[in-house]
Amino acid sequence: MGRAVHGEGARIVFRPPDLTFFVTARTDVPHVLRLDSGRPGPRVGLVALVHGNEPAGARALGRLLELGVRPVRGALVLILAHPEAAARGVRFLERDLNRVWDRLDEPADGPELRRARRLRPLLAELDVVLDLHTSRVATPPFLLTGPTDKAAALARVLATPPIVVRDHGHAAGRRLIDWGPFADPARPETALLLEAGRHDDPASVDAALSCILALLRHLAMLDAETASWLPPPRPRPVSVLEVTRTVTVDRGPFVFARGIRHFALLPAAGTLVARDGPRPVRTPHDDCVVILPAHRPRPGRTAMRLARLVEGPLPAATEVTVTPAQTKGRSAR
Ligand SMILES: [Zn+2]
């Protein structure tokens with residue numbers, strides 16, 4: 001059963017992922033599955049459905065289980081972060097679960113804060129976390145690292161996918177990958193966020209699974225047979241982009257300039273990229289790369305990131321996103 005969401009030239013059909021393998025799992029936290037090798041080693045969290053309308057990550061976890069992948073050392077913890085939102089096919093119920101991780105000790109309540117607080121002790125036991133997302137914009141898969149060098153180093157060595165974006169999160173609130181020990185450069189715990197592709201593209205599931213397997217191989221957690229399925233690791237050019245400015249919507253309405261595309265390269269500093277109400281938004285430097293222009297930019301939220309390519313080839317630019325005037329309907333928030 002799918003639910004159609006209309007965007008510019010694209011019709012995205014949301015099909016809820018099959019969550020039965022989690023519902024039947026015996027665990028102390030609902031929708032969390034632990035696969036413990038019984039041997040010492042890294043404790044790795046694979047997180048899906050932080051955004052309920054992004055089922056590809058959950059499908060990748062389902063495939064991982066169907067393939068019979070089990071850790072040969074350490075432990076794997078599979079986490080469906082927001083199954084309630086997923087059941088309704090919405091990004092969140094009250095607030096974005098990927099913007100609350102600096103607010104867990106505030107008195108506020110709600111379904112997202114309750115779930116985040118429930119997951120927190122479990123996340124605190126993990127050494128490495130891979131948080132699986134998809135996007136409304138068509139995009140080649142890429143890894144978001146946050147600001148730490150340890151996350152960027154892990155993303156580079158995985159090189160699966162071979163595009164790495166170093167960024168600084170969002171003004172609207174802290175992401176899971178920027179929470180606690182993951183954001184602390186003095187601690188070894190590391191978290192990455194995969195943008196696996198467009199929400200409804202089957203290739204996004206493949207991209208998520210490839211990234212998971214590359215991570216598990218890197219951590220020597222796969223048995224020899226599973227590792228043999230994978231192409232041998234080989235050096236390949238990795239594109240590294242460093243976000244130089246996170247553009248947050250001030251007053252709005254926020255309208256992108258013509259031709260602003262995801263991964264578009266704007267050669268000249270001062271190029272108009274958008275208008276935020278009466279205020280023009282311009283590129284702060286030469287050779288500025290636009291990253292994930294928002295589907296529906298709203299005051300206080302990230303409209304896009306602007307970045308500098310610091311290494312490797314420029315990823316191919318993809319389809320322009322939609323502007324506020326073109327988007328109506330509550331399902332696509
Ligand atoms: Zn997401």
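Which residues have the most contacts inside the largest nonpolar core? Let me hold that for a minute and start with the overall picture. What we have up on the screen is a predicted model, so please keep that in mind throughout.

The chain has 333 residues, and 45% of them are buried. In secondary structure terms, we're looking at 8 helices and 18 strands. If you take the contacts with a separation of 6 or more, 72% of them come from residues 24 or more positions apart.

OK, the main sheet. It's an open sheet of 11 strands with mixed pairing, and the order reads β3-β5-β4-β6-β9-β7-β8-β10-β17-β16-β13. At the edges sit β3, residues 32-36, and β13, residues 265-266, each with pairing on one side only. As a general reminder, strands of a sheet pair through backbone hydrogen bonds, either parallel or antiparallel.

Let's walk along it, beginning with β5, residues 75-80, which is where you'll find A75. Is A75 buried or exposed? It counts as buried, because it has 21 C-beta neighbours inside 10 Å, and the cut-off for buried is 20 or more. Setting aside neighbours within four places in sequence, A75 is in contact with R34, L35, D36, S37 and R43. Then look at V44: its C-alpha is 6.2 Å from that of A75, though the two residues are 31 apart along the chain.

Moving along, β6 (128-135) and β9 (190-198) run parallel and are joined by 7 bridges. If you want a pair to click on there, H133 stands opposite E195 in β9.

Next, β7 and β8. Strand β7 is residues 142-144, and it runs parallel to β8 with 2 bridges between them. L144 has V165 as its bridge partner in β8. To get from β7 to β8 the chain goes through helix α5, residues 149-158, and that β-α-β crossover is right-handed. The same helix, α5, lies across β7, β8, β9 and β10, at about 50° to β9.

I'd like to stay on β8 for a moment, residues 163-166. Which way do its residues point? I163 and V165 go one way, V164 and R166 go the other way, and all of them are buried, R166 included. That alternation between the two faces is what side chains do in a regular strand.

On its other pairing, β8 meets β10, residues 239-248, in the parallel sense over 4 bridges. Here I163 stands opposite S239, and V164 stands opposite V240. Then the sense switches: β10 and β17, residues 302-311, pair antiparallel over 8 bridges. One of the pairs to look at is V247 with its bridge partner M304 in β17.

Now back to my opening question. The largest nonpolar core has 91 residues, and those with the most contacts inside it are V47, L130, V165, L192, A208, I212 and I291. The biggest contributor is helix α7, residues 202-218, which gives 10 residues. And this core draws at least three residues from each of domain 1, 3-229, and domain 2, 244-332. For background, nonpolar side chains in soluble globular proteins tend to be buried together.

Where does α7 sit? It lies across β4 (43-48), β6 and β9, running at about 155° to β9. L130 is a handy residue for seeing how this part fits together: leaving out neighbours within four places in sequence, L130 is in contact with L46, V47, L192, L194, C211, I212 and L215. You'll recognise V47, L192 and I212 from the list of residues with the most contacts in the core.

Last stop, another sheet. This one is open too, with 3 strands in the order β11-β14-β15 and antiparallel pairing. Its edge strands are β11, 254-256, and β15, 279-282, and each pairs on one side only. From one strand to the next the twist averages 25°. Between β11 and β14, residues 272-276, there are 3 bridges, and V255 stands opposite R275 in β14.

So if you open the model yourselves, I'd start at V165: it's the bridge partner of L144, and it's on the list of residues with the most contacts in the core. That's me done, happy to rotate things on screen.

Terms used:
Residues numbered from 1 in each chain as written. Predicted model: local features only at pLDDT ≥ 70, side-chain atom pairs only at ≥ 80, totals over all residues. Buried ≥ 20, exposed ≤ 12 C-beta atoms within 10 Å, placed from the backbone. Pairing = 2+ DSSP bridges. Right-handed = clockwise from strand over helix to strand, strands pointing away. Core = buried A, V, L, I, M, F, W, Y, C linked by C-beta atoms within 7 Å. Domains from an automatic or database assignment. Contact = placed C-beta atoms within 7 Å. Axes fitted to C-alpha atoms, helices over the stretch in contact; angles between N-to-C directions.
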